[in-house]
Each structure stands twice: as structure tokens, then as C-alpha cells.
Amino acid sequence: MVKKTFNQADYRQKQEKKLNQGRKPGFIFDIVLEETLTNVHTNASTACVLDYLEGKQYLGLMYPSNPCTCLVCNTLLFKLLNLPTLWAFEPFTGMYVYYFSSTDEETFNNLENLENEGIIGVYTCQGSLFNKYNMPKFCPDWGDYKLSNLPQLTPQILDFIEETTKKVVENKDNFYQINKLKPLYNMPLALSAKLGKTVLSMNAHILLEHLLQAMTHSSAVIDNTYCDVYLVNYPQFLKGLVFQGKHKRKDIVINEALKELQSHSIIDKFNIIDDDLTFESALITKHIKQRIRRNMGFFSQLPPTKQAPIIATFVNYLAWIVNCPSNFTHLTIALDTLLVQLGVGRLLKEHRLSEIAKLLNLFRSYGVQYGLLCMPANATDITSKNVKYLLNNRGKLHEFLILKTAENGKEKK
């Protein structure tokens with residue numbers, strides 16, 4: 001790959017374009033000292049701003065040329081509000097600013113009552129700081145608005161802001177449900193990789209799917225940086241769970257499955273108090289925004305047998321390979337390594353080759369069923385003789401378990 005050389009003139013042209021975007025609706029640019037934020041140049045031209053920004057001690061300050069109502073929001077509140085007006089992103093604080101026309105004193109006071117540090121601020125003239133590497137960002141339809149004719153804050157919008165802000169403030173220490181639950185969830189690639197080497201009971205898989213569904217429809221998919229704890233309505237969560245086996249109460253099975261997930265560091269902590277289930281998962285939260293989608297009941301195709309957890313682990317392993325950015329064209333793992341990874345290495349030690357062959361047939365059958373493997377041409381059942389061949393030829397497993405092509409085998413994104 002040929003590395004592109006940095007072009008200073010092109011870079012400056014792009015910066016000019018960004019700043020001029022801000023001028024169109026009527027914003028003004030000043031220059032301030034970074035250390036004290038004291039003003040050194042007012043109403044500076046675009047060229048002047050960029051010249052000053054070459055010196056590291058200076059920052060640009062963009063602010064509206066006439067008073068307006070400015071709502072400063074964190075990422076979560078900004079995305080939940082999605083208000084139909086002008087907005088800008090302030091790179092230094094990571095906050096968003098919504099701009100409305102000036103409002104009456106009563107409405108302004110009502111907005112000020114909603115102020116919560118780090119979530120919302122209300123101002124009549126809010127400036128945005130930036131430097132040459134972190135420029136302001138504007139809404140896509142920025143050019144359609146002018147400061148002279150910004151939208152009004154209607155009572156309906158005000159009620160919506162109030163309702164949404166209160167919800168965010170109430171849950172500032174938790175990730176909470178923001179969307180109606182749909183029968184799908186995000187499967188992070190890192191989790192799929194871990195599940196491909198971790199044999200879980202089917203009830204733990206069932207519970208994990210429901211935890212992932214809750215996480216996928218929570219505020220974590222908007223901003224997964226501000227806390228660690230997920231808050232779920234436990235009675236509602238309970239209703240959707242159907243476990244395998246009926247000899248134990250559902251709450252006991254849930255507790256056992258949560259402990260099993262915790263023992264494998266898939267979740268870190270959990271607690272059930274009254275109507276609340278809270279849990280933490282550093283592994284999943286870090287990657288919850290990944291859009292590898294699965295439908296609920298992903299493992300319902302598996303037989304209710306003792307082999308089901310092993311098959312589920314193998315399916316997860318295949319799913320990880322198929323979705324991996326490395327774009328594997330075939331399985332490279334050796335049979336003995338695979339068996340140890342799936343927790344059945346004892347079959348090798350006990351020379352139970354026919355049982356290994358039966359497992360491989362099951363793996364192939366369900367791999368095909370899940371759209372992750374293809375059947376070889378003129379395929380016959382894998383036998384103990386084939387197992388001997390694979391143990392002596394460790395790089396040949398792909399001849400019997402044929403991976404689907406990357407294009408056809410990937411899970412829906």
C-alpha cells in the first residue's frame with residue numbers, strides 16, 4: 001500500500017470549509033489563549049483563525065452572533081432528544097449544543113430547572129472551543145438554518161425535553177432500556193470468540209441471550225462510557241425466559257446461570273433486589289455497539305441432549321471465524337486442539353475414536369444447518385478411520401468441515 005503524503009494546502013482548505021460552514025448561519029469566531037481563555041482577537045476572519053491556531057497556545061471560540069436558547073447535552077441526551085433544529089458538537093468537552101430562538105423568561109426558567117451537571121446546561125449564548133486538530137462538527141442540514149429564524153421551543157418540545165432529561169438524570173448511574181424490546185440482539189465478536197472456547201450449559205446460553213437483548217436495547221448502544229451497571233425490570237425479564245428442564249424453580253435456574261456466566265467472566269457482578277436485576281459486564285459493554293445481529297432463540301435448533309452445550313460452543317467458534325475481519329477461507333485448527341477447546345480432550349486420551357467421529361458428524365450437520373459450513377461433494381459420514389487420518393494430518397480438518405465463504409457465511413450485520 002502506497003502511503004499518501006500529507007498535503008498542508010489541502011488540509012487548510014478543509015479547515016476553511018468547516019469554519020465557513022459555521023459562518024453561514026451567523027456564528028462569530030474569536031481567538032483566545034488556551035491557558036486563561038482570555039480574548040486576544042474578536043470577530044476574526046477564517047484565515048486569521050487558522051493562522052492563530054498554528055500557535056499551540058491559541059484556541060478558536062465559535063459563538064452565536066445574537067442571543068438564542070442553547071441546550072448543552074451529553075451524547076446520550078443529545079441522541080435521545082434528536083431535536084429538529086441547528087446543532088453543533090463541541091470537541092473539547094464532548095458535548096452537543098442545540099440552538100433555538102430566544103424564548104420567554106418562564107420557558108427559560110423551566111429549562112434551567114432541568115439543569116444537571118454533565119447532562120444538560122441552558123444558556124443564551126454558548127461558545128464552542130476548538131483547535132486545528134479538533135474542529136466543531138455541525139448537523140448535516142446546518143446550511144438550512146439561520147440564527148435569525150431558528151425554530152421556537154414549543155410546549156410539546158419543552159415537555160419532551162423535560163421528560164427525556166428526567167429519565168436520563170434518574171438513570172445517570174445505570175444503563176437502562178430506551179427501546180421497545182425486539183426479538184434480536186447484538187453479538188459482539190469478542191464475546192463470540194470467548195463463547196467458542198467456553199462450554200456453557202444451555203440454560204446459561206438462554207439467559208445470556210436475554211441479557212444481550214436487554215443490553216442491545218439499552219442506553220449503552222448510544223454511549224457505553226459513562227457507567228458499568230445495567231438495570232433491568234426483573235419481573236418483566238422473568239416472563240420471557242423459558243429454560244430447559246422443569247425440575248427447578250425459574251428464579252433458582254436464573255441464579256445458577258448467572259453464577260455460571262460470572263465464573264467464566266462473561267458477566268462480572270449481578271444482584272436481584274425486589275423488581276430490579278442489575279449486572280455488569282466489561283467484556284460485553286466494551287463491544288455492545290457491534291452490529292452483528294442474531295435472532296432470539298439462536299440455539300433452539302440444537303437437540304436437548306448432553307452434546308448440546310458442546311455443539312453450541314462449536315457453533316459459536318464457527319460464527320466467530322466467519323465474522324472475523326481476518327476473512328478466513330478455511331478452518332486451520334487441528335482436530336486435537338479443537339477437541340481440547342471444546343472440553344472433550346478426554347476422548348483423545350481414552351482413544352474413543354468412534355465417539356469423536358460421531359461428534360464431528362454432529363458438528364458438521366449443525367454447522368450446515370446454521371449456514372456456517374458446507375457439505376463436501378459426495379459427502380459420507382465421518383468414521384473412526386477419518387479421525388485417525390486427522391490426528392496424523394493436523395492441518396486437514398478443513399477437508400471434512402468446510403467453512404462457508406466469507407460473503408455467504410457472515411451473520412447479518
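The exercises below, each with a worked solution, concern a predicted model.

Residues are numbered from 1 along each chain as its sequence is written, and side-chain values use heavy atoms, with hydrogens and water left out. Because the model is predicted, local features need pLDDT of at least 70 and side-chain atom pairs count only at pLDDT 80 or more, whereas totals for chains, interfaces and linings use all residues.

**Exercise 1. Describe the setting of Gln213 in helix α7.**

Begin with the element: Gln213 belongs to α7, which covers residues 202–216, where helices (H or I, at least four residues) and strands (E, at least two) are DSSP runs numbered from the N terminus. Next comes accessibility, for which buried means under 20% relative accessible area, exposed over 50%, and partly exposed in between, with a 1.4 Å probe and protein chains only. Gln213 has a relative accessible area of 11% and is therefore buried. Finally, take its contacts (heavy atoms within 4.5 Å): apart from neighbours within four places in sequence, Gln213 touches Leu181, Lys182, Pro183, Leu184, Tyr185 and Met296.

**Exercise 2. Determine how α7 and α9 are arranged relative to each other.**

Two packed helices are described by the angle between their axes and the distance between the axes. Axes here are lines fitted to C-alpha atoms, for helices over the stretch in contact, and angles run from 0 to 180 degrees between N-to-C directions. For α7 and α9 (residues 250–263), the angle is about 85 degrees and the axes are 9 Å apart. Angles under 35 degrees count as roughly parallel, over 145 as roughly antiparallel, 65 to 115 as roughly perpendicular and the rest as oblique, so α7 and α9 are roughly perpendicular to each other. On the α7 side the contact is made by Asn203, Ala204, Leu207, Leu208 and Leu211, and on the α9 side by Val253, Ile254, Ala257, Leu258, Glu260 and Leu261.

**Exercise 3. Lay out the sheet of 5 strands and identify its edges.**

The sheet is open, with antiparallel pairing and the order β7-β4-β6-β5-β9; two strands pair if DSSP finds at least two bridges between them. The edges are β7 (120–123) and β9 (137–138), each having a single partner strand, so one side of each lacks a neighbour in the sheet. Helix α4 (residues 105–112) packs on this sheet and touches β4 and β7, its direction making about 155 degrees with that of β7. Within the sheet, β4 (residues 69–73) and β6 (residues 95–100) pair over 5 bridges in the antiparallel sense, and Thr69 stands opposite Phe100 in β6.

**Exercise 4. Trace the partners of strand β3 and state how far its residues are covered.**

Strand β3 spans residues 58–64 and is mostly covered, since 6 of its 7 residues are buried. It runs antiparallel to β1 (residues 27–33), to which 7 bridges join it; in this pairing Phe29 has Met62 of β3 as its bridge partner. Strand β8 (residues 128–130) is also antiparallel to β3, through 3 bridges, and Gly60 is matched there with Phe130.

**Exercise 5. Establish how many disulfides the structure holds, and examine Cys227 and Cys374.**

A disulfide is a pair of cysteine sulfur atoms within 2.5 Å, and a search of the whole structure finds 0 disulfides. For Cys227, the nearest cysteine sulfur is that of Cys73, 18 Å away; Cys227 is buried at 10% relative accessibility. The sulfur of Cys374 is 18 Å from the closest cysteine sulfur, in Cys324, which is too far for a bond, and Cys374 is partly exposed, with a relative accessible area of 28%.
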